[in-house]
Amino acid sequence: MALDQSFVGRTYPPAAPYEVGREKIREFAEAVGDTNPAYTDPEAARAYGHADVIAPPTFVFSITFRAAGQVVEDPQLGLDYSRVVHGDQKFAYTRPVRAGDRLTVTSTIEAIKSMAGNDILDIRGEVHDASGDHVVTAWTKLVARAAEEVRAG
């Protein structure tokens with residue numbers, strides 16, 4: 001069953017603030033194999049002009065995807081998450097994410113398309129710091145694969 005097109009443009013309330021910690025940044029950088037010292041060493045980060053360590057560019061995905069849970073779990077939308085695969089991800093930064101940031105994310109459904117029985121859902125996450133300043137916009141594309149009987153038909 002196709003997702004309801006009337007949800008395009010729907011914005012969900014901001015998610016609870018997420019406090020970015022040095023240790024989380026270090027763990028993420030190690031997990032993705034990025035050895036840039038600006039991610040783990042405050043002195044190196046300061047040498048690059050930052051007040052503290054900064055996060056790798058894809059770090060914010062975990063925050064924005066958690067916030068997009070409001071969209072995914074909206075029973076009125078009717079998304080069958082058991083059929084969802086991650087289709088694409090893009091980021092547009094105003095500034096890097098820094099240790100000590102308290103970030104909130106507001107998720108908006110930008111587009112819903114149906115192709116070959118698959119539903120494609122585009123979600124935009126606007127990330128702001130505690131002062132209300134924009135940090136990054138993240139776009140997530142989710143693909144809900146068609147049920148087997150739809151594909152076979």
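**Figure 1. Pairing of strands E1 and E3 in the predicted model.** Strands E1 and E3 run antiparallel and are joined by two bridges, as seen in this predicted model. Within this pairing, Tyr-18 has Leu-103 of E3 as its bridge partner. The two strands belong to an open sheet of five strands, whose order is E1-E3-E4-E5-E2 and whose pairing is antiparallel. Because E1 and E2 each have a single partner strand, they stand at the edges of the sheet, and one side of each is left without a neighbour there.

**Figure 2. The salt bridge between Glu-19 and Arg-102.** The side chains of Glu-19 and Arg-102 meet in a salt bridge, with an N to O distance of 3.5 Å. Glu-19 lies in strand E1 (residues 18–19) and Arg-102 in strand E3 (residues 102–115), so the pair ties together parts of the chain that are 83 residues apart in sequence. The two partners fall into separate accessibility classes: Glu-19 is exposed, with a relative accessible area of 51%, whereas Arg-102, with a relative accessible area of 39%, is partly exposed.

**Figure 3. Ile-63 and the largest nonpolar core.** The largest nonpolar core holds 21 residues, and those that touch the most other members are Val-20, Ile-25, Phe-59, Ile-63, Val-97, Leu-103 and Val-127. Two or more residues each are given to this core by helix H1 (22–32), helix H3 (60–67), E3 and strand E5 (134–144), and the largest share, three residues, comes from H3. When residues up to four places away in sequence are not counted, Ile-63 touches Tyr-18, Val-20, Leu-103 and Val-105. Among these contacts of Ile-63 are Tyr-18 and Leu-103, which are also bridge partners in the pairing of E1 with E3. A second core, separate from this one, is made up of 15 residues, including Leu-3, Ala-68, Leu-79 and Val-84. As general background, nonpolar side chains tend to be buried together in soluble globular proteins.

**Figure 4. Two further salt bridges, Arg-95 with Asp-101 and Asp-80 with Arg-83.** In the salt bridge that Arg-95 forms with Asp-101, the closest N and O atoms are 3.0 Å apart. Both partners of this bridge are buried, since the class requires a relative accessible area under 20% and the values are 14% for Arg-95 and 8% for Asp-101. Elsewhere, salt bridges that share partners join Glu-23, Arg-26 and Glu-30 into one network. Asp-80 forms a salt bridge with Arg-83, and here the closest N and O atoms are 3.7 Å apart. Asp-80 counts as partly exposed at 37% relative accessibility, and Arg-83 is likewise partly exposed, with a relative accessible area of 24%. In total, the count of salt bridges in the model comes to twelve.

**Figure 5. Asp-74 and its surroundings.** Asp-74 is found in the loop between helix H4 (69–72) and strand E2 (84–93), the latter being one of the edge strands of the sheet. Despite this loop position, Asp-74 is buried, with a relative accessible area of 12%. Leaving aside neighbours within four places in sequence, the residues in contact with Asp-74 are Phe-7, Arg-10 and Tyr-12.

Note on methods
Residues numbered from 1 in each chain as written. Predicted model: local features only at pLDDT ≥ 70, side-chain atom pairs only at ≥ 80, totals over all residues. Heavy atoms only, no water. Helix = DSSP H or I, 4+ residues; strand = E, 2+ residues; numbered from the N terminus. Buried < 20%, exposed > 50% of the residue type's maximum accessible area, 1.4 Å probe, protein only. Contact = heavy atoms within 4.5 Å. Salt bridge = Lys/Arg side-chain N within 4 Å of Asp/Glu carboxyl O. Core = buried A, V, L, I, M, F, W, Y, C linked by side-chain atoms within 4.5 Å. Pairing = 2+ DSSP bridges.
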